[in-house]
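Colleague: Could you take me through one part of this model in some detail? I would like to start from a single residue and work outwards.

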Amino acid sequence: MKRIYVKEEWCLGCHLCEYNCAFANSGKNNMAIALKDKPIFPRIHVEGKDRITFAVSCRHCVDPLCVKSCIAGAISKKDGVVVIDKQKCVGCFTCVLVCPYGALAPDESGVMQKCELCLQNACGEPACVAGCPNRAIVYEEMEATE
Amino acid sequence: MKRYVIVGNGVAAAACVEGIRSRDRDGSIIVISAETHPVYCRPLISYYLEGKTSPDKMDYRPADFYKKNGCRVLYGTKAVGMDPAEKTLSLNSGETLSYDALCVAAGSAPFIPPFKGLDTVRNQYTFMTFDDALALERATETPKDVLIVGAGLIGLKCAEGLYGRAKSITVCDLSNRVLSSILDEDGAKTVQAHLEKHGLRFLLGNTAERFERNTAFMKNGETVPFDVLVLAVGVKPNVALVKDAGASVGRGVAVNEHMQTSLPDVYAAGDCAEGKDISCDTRRVLAIMPNAYLQGHAAGVNMAGGDETFDNAVPMNAIGFFGLHLMTAGSYTGEISEEKTPQGSKKFFTENGLLKGFILIGETQRAGLYTSLIRNKTPLADVDFELLRQTATAAAFPTGTRANMFGGVV
């Protein structure tokens with residue numbers, strides 16, 4: 001399946017991916033209306049130290065620990081994509097405790113959210129990838145031992 | 001065609017079904033369920049009382065789970081005996097089942113100490129099952145004074161669940177601190193103060209010596225009147241079935257990293273099983289949901305002739321009370337280092353160059369990075385632990401590690 005891959009040597013640390021993500025998942029069709037003067041809750045975030053920066057989002061693991069650990073049965077894998085049923089999530093944070101990538105964080109209401117590759121929103125493919133000015137985030141098929 | 005039998009119908013059992021079916025689509029699976037509900041999310045019973053979830057959302061798996069996986073579920077049924085030589089299981093219904101591979105995922109039951117006068121208390125409850133939650137819901141239809149015996153995970157989650165339904169909540173515990181199984185003294189103080197701010201009253205280092213109808217007579221001479229009593233002292237693993245059959249049993253049913261018990265073709269998983277905690281190299285019952293799934297799944301795969309090991313179990317808990325989130329994992333041994341922030345505190349325990357455990361209070365971002373350091377026994381010399389202590393970030397890992405994490409299929 002196609003996944004998001006990050007090339008830190010190309011990352012400028014511009015955080016545009018965070019804004020594109022928050023906008024793509026806002027349900028609004030104007031970026032200014034969606035994001036201006038509000039704290040944003042993107043499903044991808046940029047980390048780094050010194051001169052290194054890189055974007056972190058769900059790896060859609062072959063064998064996802066979050067799915068096995070969710071106490072609410074709210075996280076599952078559908079066609080290779082790890083998805084979260086926000087109606088079922090009770091915000092216990094167990095997935096945060098187990099994800100080795102730090103890819104899950106709560107939304108503004110305390111319910112957990114994660115990257116679902118923009119397959120469920122109007123974008124249809126990852127907005128972070130489409131908007132990355134230096135192609136530091138790519139969306140492609142990679143050989144795997146699945 | 002292989003015949004699989006699973007005793008229990010909780011998360012470990014569901015995981016066992018999924019483990020079996022990942023290898024074997026044809027064998028027959030019989031699930032023996034003492035409770036009369038399809039597998040549900042047990043830890044959500046407090047959220048149910050709180051009104052944060054509803055029965056339809058508490059199902060652990062979709063409604064067609066058993067049908068799709070070709071399982072026959074015997075609801076309201078208990079296994080009362082087994083013959084490991086004949087590979088048969090006798091049920092309380094009188095039926096006898098033969099198995100080729102058996103998984104005991106029988107869970108645990110509330111431990112109720114022999115309190116004097118407990119039989120005179122009419123409104124007494126435990127808090128383990130969905131039916132317990134329903135009973136407590138009925139008992140608190142009008143606001144009541146609630147006494148909870150036990151300030152552990154179950155007692156405090158019950159307190160939070162009942163918070164909006166109770167006139168008052170008093171929690172007592174023989175231990176001198178709350179959540180004594182997962183918190184140290186400092187952490188317990190912080191959490192207790194937070195709970196007290198919300199109006200919970202604690203009687204610690206103190207417990208009921210006897211009961212008389214609606215009054216508890218405490219060890220320190222105090223009397224506590226109550227309408228509703230919840231007994232949350234502790235749990236005991238359901239081991240009788242396999243113990244009587246001669247299996248090796250400690251506090252729980254002893255299992256190896258393949259979830260095999262000492263009896264041939266008998267596996268165990270979940271809250272009744274006792275495996276190795278790698279953070280302290282000791283056999284322990286780790287009654288937590290991630291373990292239930294991981295053990296159950298490994299058991300299922302191996303029952304079906306596969307080879308799945310689960311050999312990096314550590315205790316870990318993510319739990320929140322009134323908006324304060326706590327995360328703990330591993331063992332609290334070795335050197336302590338602490339980071340305090342305006343949001344909370346992070347305490348780390350390191351020994352022999354490894355992270356052994358942590359206690360995070362109010363500062364839980366990306367804590368899975370810490371958990372994975374414990375589970376993978378990552379040498380701290382290989383990472384920038386100084387940075388990690390402040391911020392859980394993969395920036396503290398070597399470039400090559402990061403390239404694998406974010407640039408490859410994982």
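Which residue of strand 6 of chain B does B:L89 stand opposite?

Modeller: Happy to. Please bear in mind that this is a predicted model, where local features need pLDDT of at least 70 and side-chain atom pairs count only at pLDDT 80 or more, while totals for chains, interfaces and linings use all residues. Residues are numbered from 1 along each chain as its sequence is written, and chains are lettered from A and ligands numbered from 1 in the order in which they are written.

The partner is B:L97, which faces B:L89 from strand 6 of chain B. Around these two, strand 5 (residues 88–91) of chain B runs antiparallel to strand 6 of chain B, with three bridges between them. Here strands are DSSP runs (E, at least two residues), numbered from the N terminus, and two strands pair if DSSP finds at least two bridges between them. In general, such pairing works through backbone hydrogen bonds, either parallel or antiparallel.

Stepping back, the sheet is open and has three strands in the order 4-5-6 (chain B), paired antiparallel. Strand 4 (79–83) and strand 6 (96–98) of chain B form the edges, each pairing on one side only. From one strand to the next, the twist averages 25°, taking axes as lines fitted to C-alpha atoms and angles from 0 to 180 degrees between N-to-C directions.

As for the neighbouring chain, 38 residues of chain B are in contact with 34 residues of chain A, where contact means C-beta atoms, placed from the backbone, within 7 Å. On the chain A side, helix 4 of chain A gives the largest share, four residues.

Methods. Contact = placed C-beta atoms within 7 Å.
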